[in-house]
Amino acid sequence: MEHFDVLVVGAGPAGSATAIHLTRAGARVLLADRARFPRDKPCGGGLTGRALRHAPCPVDPVVEHVVDRFRIRLRYGPSFSRRHDRPLILMTQRRRLDLHLAEQAVAAGADFRDGSRATEIEIGETHVRAKVGGTTVRADTLVGADGANGIVARAAGLGESIASGVALEGNVPYGAIDRSRVDGTAEIELGVVPGGYGWMFPKGDHANLGVGGWGSEGPRLRVHLARLCRAHGLAVEALSDVRGHRLPMRTVGRAVGSEPRSQSSVSAQRVLLVGDAAGLVDPLSGDGIYEAFVSAELAAEAILSGDLSAYETRLSAALDHNASASWAAKRALDRSAAACFWAARSPGVFGVVTGLLAGDVRHPSEARGLARPPLRALARLARIASPVP
Ligand SMILES: Cc1cc2nc3c(=O)[nH]c(=O)nc-3n(C[C@H](O)[C@H](O)[C@H](O)COP(=O)(O)OP(=O)(O)OC[C@H]3O[C@@H](n4cnc5c(N)ncnc54)[C@H](O)[C@@H]3O)c2cc1C
């Protein structure tokens with residue numbers, strides 16, 4: 001039977017990044033994905049500055065468009081734009097990014113097997129065992145990087161306290177939509193989907209349009225997407241590759257001392273969860289690639305140190321501040337999209353948003369100057385808004 005130091009199930013950003021870190025440090029890693037690569041994944045494909053800081057390798061070869069401007073609109077009515085003097089988001093497509101990352105894992109020395117579903121996972125005292133594409137393998141440690149609907153969390157009895165959002169997206173070629181309108185611009189639509197927003201992102205030869213919100217919005221997402229298209233002068237039939245996916249968002253508990261504490265469990269003896277499998281999607285933005293990269297880094301660190309129990313605390317320390325701010329902003333957005341729109345256009349607030357996206361600001365409460373009053377008003381609004389449904 002083949003034996004590995006680590007079996008990583010799933011070769012999305014979380015799994016490939018984990019494999020890259022581990023193999024670079026000399027571990028023998030099997031990286032398995034049930035899909036044949038290149039494969040796509042429903043995703044806006046936006047890489048924020050904070051995600052890039054934690055990327056396991058340069059991603060330049062797969063960047064299609066650079067965004068330095070936001071246009072924010074309220075209920076398809078009033079809007080405003082803000083431009084930054086540096087790139088805000090790099091746009092890629094997931095079939096390109098994920099293939100690139102898997103190739104980097106191979107270059108670092110990982111054994112990558114695509115078209116190989118992991119099944120029959122058994123977690124023992126001294127090792128784990130699984131069938132990977134029909135072959136039984138053993139490993140000292142198992143990393144569940146198998147996304148929102150993964151089996152590793154279930155097999156290990158992990159992944160509790162995860163709320164689900166949903167999102168639906170599709171692509172439209174330039175021509176059907178005027179490229180000059182979207183060039184360098186991420187368009188965000190507030191107040192159009194409960195628990196979320198609509199977007200239009202520019203890519204190389206097309207624009208990506210999508211809507212996301214609370215899990216309960218699932219049955220209405222097609223209607224929300226059709227409205228978004230109409231607001232951009234498009235018929236929903238103009239979209240190709242329309243696909244939906246779950247957004248797993250772990251809830252963050254009450255502050256213990258001054259630290260917010262996560263309630264979910266992402267590690268067990270011999271098993272760690274990373275990325276969407278651990279429910280790490282940002283509740284406000286729906287982003288998860290930054291969190292996938294951070295969790296990959298921390299999981300690899302814990303495995304290499306031989307102490308898996310340190311992982312959960314380090315993950316919480318790295319991500320819970322952001323997540324608790326995002327939950328609060330999400331509650332405020334649900335309570336009053338108009339108040340959030342007003343706050344977002346207030347002087348100084350764009351600087352805080354760019355700081356958060358770049359990873360220079362950890363929490364809006366760090367804001368100083370003109371940005372403080374509108375952000376405090378939003379924090380108050382979040383406190384009186386209803387909790388997570
Ligand atoms: C519509 C939408 C838009 C989004 N837009 C953005 C965005 O613009 N920016 C951003 O940062 N995030 C975005 N996200 C979130 C982002 O897509 C996820 O957070 C990210 O994909 C998480 O990466 P991952 O590696 O954890 O999981 P995934 O990318 O889901 O990868 C999991 C992998 O596991 C494999 N797998 C599953 N089960 C098995 C098995 N049993 N055996 C072997 N392999 C298995 C799957 O084939 C898959 O390749 C968006 C999400 C949605 C739904």
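**Ligand shell, strands and helix H1**

Q: By class, how many nonpolar, polar and charged residues does the shell around the ligand have?
A: Nonpolar means Ala, Val, Leu, Ile, Met, Phe, Trp, Tyr, Cys and Pro; charged means Asp, Glu, Lys and Arg; the others, Gly among them, are polar. By that split, the shell holds 19 nonpolar, 14 polar and 8 charged residues.

Q: What pLDDT do local features need in this model?
A: Residues are numbered from 1 along each chain as its sequence is written. The model is predicted: totals for chains, interfaces and linings use all residues, side-chain atom pairs count only at pLDDT 80 or more, and local features need pLDDT of at least 70.

Q: Which residues are the closest to the ligand?
A: A residue is near a molecule if its C-beta atom, placed from the backbone, lies within 6 Å of it. The ligand is surrounded by 41 residues. The closest are Gly-10, Gly-12, Gly-44, Gly-275 and Gly-288.

Q: Which elements each supply at least two residues of the shell around the ligand?
A: Elements are DSSP runs numbered from the N terminus: helices (H or I, at least four residues) and strands (E, at least two). Those that each give at least two shell residues are H1, S12, S15, strand S16 (240–250) and H7.

Q: How many residues of H1 are buried?
A: A residue is buried if 20 or more other C-beta atoms, placed from the backbone, lie within 10 Å of its own, exposed if 12 or fewer, and partly exposed in between. Helix H1 spans residues 13–24. Among its buried residues are Pro-13, Ser-16 and His-21. H1 is mostly covered, with a buried count of 11 of 12.

Q: Where does a positive phi occur just after H1?
A: The phi value there is about 100°. The residue that takes it is Gly-26.

Q: Why is S12 largely enclosed by the rest of the structure?
A: Strand S12 covers residues 162–173. It is largely enclosed because its buried residues number 9 of the 12.

Q: How many bridges join S12 to S15?
A: Two strands pair if DSSP finds at least two bridges between them. S12 and S15 run antiparallel. Ala-167 stands opposite Gly-212 in S15, and Glu-169 has Gly-210 as its bridge partner. The bridges joining these strands number 9.

Q: In S16, which residue is the bridge partner of Val-166?
A: S12 and S16 run antiparallel, joined by 9 bridges. Within S16, Val-166 is partnered by Arg-246.

Q: How many residues lie between S14 and S15 in their hairpin?
A: Strand S14 (residues 197–202) runs antiparallel to S15, with 6 bridges. One of the facing pairs is Phe-201 with Asn-208 in S15. S15 itself (residues 206–214) is mostly covered, with 8 of its 9 residues buried. The number of residues between the two hairpin strands is 3.

Q: Which strands stand at the edges of the sheet in the order S3-S7-S4?
A: This open sheet has 3 strands with antiparallel pairing. Each edge strand has a single partner strand, so one side of each is left without a neighbour in the sheet; these are strand S3 (46–48) and strand S4 (65–67).

Q: In S7, which residue does Leu-47 stand opposite?
A: S3 pairs with strand S7 (residues 89–91) in the antiparallel sense over 3 bridges. The residue opposite Leu-47 is Leu-90.

Technical notes. Expected span 1.5 Å × (residues − 1).
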